[in-house]
Amino acid sequence: MEYFGNWAFYLPAIVLVLLFLMAAIKVLREYERGVIFTLGRFTGVKGPGLILLIPVIQQMVRIDLRTLVLDVPTQDVISRDNVSVRVNAVIYFRVIDPEKATIQVEDYMAATSQLAQTTLRSVLGKHELDEMLAERDKLNADIQEILDAQTDAWGIKVANVEIKHVDLNEVMVRAIARQAEAERERRAKVINAEGEEQAAQKLLEAARILSQAPEAMQLRYLSTLNVLASEKSSTIVFPFPIEFGDLFTSQGRTNG
């Protein structure tokens, strides 16, 4: 009975020691840092590994140094050419200064999210729809540069920004489809016109060559007749020199 009485006497002290050790001993992982406050004043950044705190006197705030992924909610954006689109993005950032991330801003995750939404609307609103669809890399770089400059005071480094989706309404999708179809038709007409121009140029060169030797024109007539005869056609074609037509025309004017 005396043995149990001694244990009962020391038990409260043992419990107090255990509670003190639990409050004083902290273990930080390799990617964590502890921002230490002593009586409310910042006294340093510790970690990783085992650290000791004075209970009640010192408090610690854990900061994760790994790259964090922030999904920016879908934003309604009006482009410079007055087109309404819905855009969302993803941001990759990490804390590089635990002291600033703890002292300079209340909640760096929420602050970065709100700043990203505002910056996304501001930057995209300065560009036309075609630029949003075709120049995403440039827009990503612009947004990242602005965010990185503004979050530097919070001890945050924005590593990358990616625009995920640019959603258009059905009316605009049909308009873009009609525009693309008209562009294809324009290109087809231009290509056809260029082909006609090249063909006319080659025919002109051939006519100049044939005009230098009348016998060559006769041979060309005979070659054409040979091609027509090989097709088993019942139609007989006789070449009529254009010079005869000019001769008859001039003769008629003389008689008149």
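## Exercises on a predicted model

Gly40 is exposed, since its relative accessible area is 59% and the cut-off for exposed is over 50%. This is a predicted model, and the exercises below walk you through some of its features.

### Exercise 1: The loop with Gly40

Task: Find where Gly40 lies, and describe Leu39 and the distance from Gly40 to Gln59.

Solution:
- Step 1. Start with the place: Gly40 sits in the loop between β2 and β3. Leu39 lies in the loop between β2 (32-38) and β3 too.
- Step 2. Look at the backbone of Leu39: its phi is near 50 degrees, a positive value in a residue other than glycine.
- Step 3. Check accessibility: Leu39 has 67% relative accessibility, so it counts as exposed.
- Step 4. Compare sequence with space: Gly40 and Gln59 are 19 residues apart in sequence, and their C-alpha atoms are 8.0 Å apart.

### Exercise 2: Two more loops

Task: Which peptide bond joins Gly47 and Pro48, and where does Val56 lie?

Solution:
- Step 1. Read omega between Gly47 and Pro48: it is about 0 degrees, and the bond is a cis peptide bond.
- Step 2. Place Pro48: this residue belongs to the loop between β3 (41-46) and β4 (49-52).
- Step 3. Move on to Val56, found in the loop between β4 and β5 (58-64). Its phi is near 70 degrees, again a positive value in a residue other than glycine.
- Step 4. Decide on exposure: with a relative accessible area of 73%, Val56 is exposed.

### Exercise 3: The two sides of helix α5

Task: Check the span of α5, then work out where its buried residues and its exposed residues lie.

Solution:
- Step 1. Helix α5 covers residues 136-151, which is 16 residues. At 1.5 Å a residue they should span 22 Å, and the end C-alpha atoms are 22 Å apart, so the two agree.
- Step 2. List the buried residues of α5: Leu139, Asn140, Ile143, Leu147, Asp148 and Thr151.
- Step 3. Look down the axis of α5: these buried residues fall within an arc of 160 degrees, so they line one face of the helix. Here is the general idea: an α-helix has 3.6 residues a turn, so residues three or four places apart point the same way.
- Step 4. Turn to the face of α5 away from the buried side, where you will find the exposed residues Glu145 and Ala149.
- Step 5. Ask what covers the buried residues: the cover includes β7 (84-95), α3 (108-124), α4 (129-134) and β8 (156-167).

### Exercise 4: How α3 meets α5

Task: Describe how α3 and α5 pack, and then look at Gln117 of α3.

Solution:
- Step 1. Take the geometry: the axes of α3 and α5 are 10 Å apart, and the packing angle is about 140 degrees. That angle makes α3 oblique to α5.
- Step 2. Note the hand of the crossing of α3 and α5, which is right-handed.
- Step 3. Name the residues in contact: α3 contributes Leu115, Ala116, Thr119, Leu120, Val123 and Leu124, while α5 contributes Leu139, Asp142, Ile143, Ile146, Leu147, Gln150 and Thr151.
- Step 4. Now pick out Gln117, which is also found in helix α3. Its relative accessible area is 13%, so Gln117 is buried.
- Step 5. Find its neighbours: leaving out residues up to four places away in sequence, Gln117 touches Val72, Pro73 and Gln75.

### Exercise 5: The whole chain

Task: How many helices and strands are there in the chain, and what share of its residues count as buried?

Solution:
- Step 1. Count the elements: the chain has 8 helices and 8 strands.
- Step 2. Take the share: 24% of the 256 residues count as buried.

Definitions and conventions
Residues numbered from 1 in each chain as written. Predicted model: local features only at pLDDT ≥ 70, side-chain atom pairs only at ≥ 80, totals over all residues. Heavy atoms only, no water. Helix = DSSP H or I, 4+ residues; strand = E, 2+ residues; numbered from the N terminus. Expected span 1.5 Å × (residues − 1). Buried < 20%, exposed > 50% of the residue type's maximum accessible area, 1.4 Å probe, protein only. Arc of directions from axis to C-beta. Contact = heavy atoms within 4.5 Å. Axes fitted to C-alpha atoms, helices over the stretch in contact; angles between N-to-C directions. Parallel < 35°, antiparallel > 145°, perpendicular 65-115°, else oblique. Left-handed = near helix turned anticlockwise from the far one by under 90°.
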